[in-house]
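Student: Before we discuss the labels used for this model, could you put it on the screen, so that each label can be set against its value?

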Amino acid sequence: MGKPAPELVPASAARRLLLAGAGLADPPRPATRATTLAAVRALGFVQVDSINAVERAHHLILHARLDGYRPDLLRHHLETSRELFEHWTHDASVIRRDWLPWWGHRFERDRVRLSRHAWMRERLGTGWKRTLAEVRDAIAERGPLSTRDFPARGRTGEGWWDWSPHKAALELLWRGGEIAVHSRRGFEKVYDLSERVHGKATTTPTRHELVEFACREALDRLGAATPRELAQFMNLVTLAEAKAWAVKSTRDGTAVAVTLERIGKKPAAGVARSDWRKAATAAIDATPRALAPFDPLVRDRTRLAGLFGFDYRFEAFVPAAKRVHGYYTLPVLTGERLVARVDASSDRERDTLSVRRAWLEDGPAAAARKSTIAACERLAASLGFSLSLDRKAFA
């Protein structure tokens with residue numbers, strides 16, 4: 001007899017697993033230093049983004065999970081307790097501190113890759129080795145420094161990417177692990193030597209240990225996933241390594257081979273937690289929440305569509321005339337459903353969260369409208385703002 005076919009994980013079950021792994025299955029907890037740290041540790045990391053139309057993404061992610069969250073709660077663990085650090089996962093992120101040893105592999109990879117990259121070498125300029133040494137020595141001698149503490153020369157006229165050689169050197173040294181983010185002035189990173197921020201470096205785990213760590217932590221949070229989703233969760237391992245781990249984990253019984261149902265697409269081969277059936281029966285909290293465009297639930301647009309039937313596009317970089325839903329659109333989650341999206345912005349002079357338009361998904365319109373208003377009221381209150389939402393805003 002041949003091997004039995006892998007079990008099918010219905011989209012509904014995978015959706016519930018993902019909600020639990022993304023910290024959205026339980027009711028929001030009161031925000032304290034302890035619960036803020038616990039939330040980030042449970043997620044593993046939160047994505048950082050510079051756009052401040054409503055609030056920066058890392059703060060919005062925590063607003064969705066904590067009642068009364070304030071940015072200084074996260075800042076404490078980044079700049080005082082040092083229980084968190086900033087670096088890259090799939091993107092720039094705030095990461096739990098006990099994961100730092102695993103980043104030795106990324107530091108080495110980024111150090112080699114970026115130092116050879118033509119784009120980076122162009123910004124560093126012809127004397128790039130000297131520039132790196134200047135920046136490294138200046139921080140060692142003078143303490144924490146930011147880009148503004150170095151000469152702003154060699155401009156290229158490329159807007160956001162208009163980096164001076166010293167800015168490029170800071171980025172390369174940070175990505176390579178020689179310096180670390182010490183603090184921020186506003187949103188500007190201030191750097192210091194890594195050993196002065198995080199202490200003496202520990203031994204880097206083996207590559208085999210890294211693959212086991214990265215794939216296991218990803219599956220714990222995704223519940224059920226394809227090898228590509230495992231690899232992309234932290235972007236620490238290759239797709240080939242994730243595929244090999246999936247085969248090994250099903251052989252040793254720490255995970256099960258499954259077929260993953262995806263709405264509107266063919267089922268995909270993957271793996272699931274051994275306890276996925278039981279885990280998928282847990283209750284899902286129904287608190288209406290507005291989610292950041294880079295929320296762990298939302299950031300993988302393909303997975304989002306396949307599990308929730310929610311077609312989401314982040315339009316901040318789309319020309320205004322071509323936008324469908326707005327510059328900074330927040331999905332609205334209620335229970336297991338994404339019921340709407342809202343085009344929102346913060347008016348900080350008037351302490352107001354303004355919602356210009358709201359689009360409801362298919363389903364009971366009255367309930368979705370009520371949930372959307374409640375989600376916007378909750379976010380506005382968490383930001384310390386009043387809410388400006390015209391009931392005529394609903395499309």
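Student: Why is Trp163 called buried?

Tutor: This is a predicted model, and the relative accessibility computed for Trp163 is 9%. Buried means under 20%, so Trp163 counts as buried.

Student: What makes Trp119 buried, partly exposed or exposed?

Tutor: Trp119 has a relative accessible area of 29%, and because partly exposed covers the range between 20% and 50%, Trp119 is described as partly exposed.

Student: How many aromatic pairs does the structure hold, and why is the pair of Trp119 and Trp163 called edge-to-face?

Tutor: The structure holds 10 aromatic pairs. In the pair of Trp119 and Trp163 the ring centres are 5.3 Å apart and the planes stand at 75°; centres within 6.5 Å make a pair and planes over 60 degrees apart make it edge-to-face, so both conditions are met and the pair is edge-to-face.

Student: What does the pair of Trp119 and Trp163 tie together?

Tutor: Trp119 belongs to helix 6 (residues 118–124), while Trp163 sits in the loop between strand 7 (145–146) and helix 8 (165–175), so the pair ties together parts that are 44 residues apart in sequence.

Student: What makes the pair of Phe294 and Phe314 edge-to-face?

Tutor: Phe294 and Phe314 are 5.0 Å apart, centre to centre, with 65° between their planes, and because the label edge-to-face requires over 60 degrees, the pair is edge-to-face. Phe294 comes from the loop between strand 13 (289–290) and helix 14 (301–308), and Phe314 from the loop between helix 14 and strand 14 (329–334), so this pair joins parts that are 20 residues apart in sequence. Ring pairs also link Phe294, Phe314, Phe317 and Tyr328 into a cluster.

Student: How do you know whether Phe294 and Phe314 are buried or exposed?

Tutor: The relative accessible area is 12% for Phe294 and 14% for Phe314; buried means under 20%, so Phe294 is buried, and so is Phe314.

Student: What does Gln47 touch, setting aside its neighbours within four places in sequence?

Tutor: Gln47, which is found in strand 3 (residues 45–47), is in contact with several residues, among them Ala57, Ile61, His90 and Phe294. The side chains of Gln47 and His90 make a polar contact at 2.7 Å. Gln47 has 4% relative accessibility, and because buried means under 20%, Gln47 counts as buried.

Student: Why are helix 2 and helix 3 called roughly perpendicular?

Tutor: Helix 2 (residues 33–43) and helix 3 (residues 57–65) pack at an angle of about 105°, with their axes 11 Å apart. Angles from 65 to 115 degrees count as roughly perpendicular, and helix 2 and helix 3 are therefore described in that way. The contact is made by Thr36, Ala39, Val40 and Leu43 of helix 2 together with Ile61, Leu62 and Arg65 of helix 3, and these residues divide into 5 nonpolar, 1 polar and 1 charged.

Student: What is notable about the phi of Arg82, and is its side of the loop buried or exposed?

Tutor: Arg82 has a positive phi of about 60° although it is not a glycine, whereas most residues other than glycine have a negative phi. Arg82 is placed in the loop between helix 4 and strand 5, and its relative accessible area of 17% falls under 20%, so Arg82 is buried.

Methods
Residues numbered from 1 in each chain as written. Predicted model: local features only at pLDDT ≥ 70, side-chain atom pairs only at ≥ 80, totals over all residues. Heavy atoms only, no water. Helix = DSSP H or I, 4+ residues; strand = E, 2+ residues; numbered from the N terminus. Buried < 20%, exposed > 50% of the residue type's maximum accessible area, 1.4 Å probe, protein only. Polar contact = N/O pair within 3.5 Å; in protein donor to acceptor, adjacent residues only side chain to side chain. Contact = heavy atoms within 4.5 Å. Axes fitted to C-alpha atoms, helices over the stretch in contact; angles between N-to-C directions. Parallel < 35°, antiparallel > 145°, perpendicular 65-115°, else oblique. Nonpolar A, V, L, I, M, F, W, Y, C, P; charged D, E, K, R; others polar. Phe/Tyr/Trp six-rings, centres within 6.5 Å; stacked < 30°, edge-to-face > 60°.
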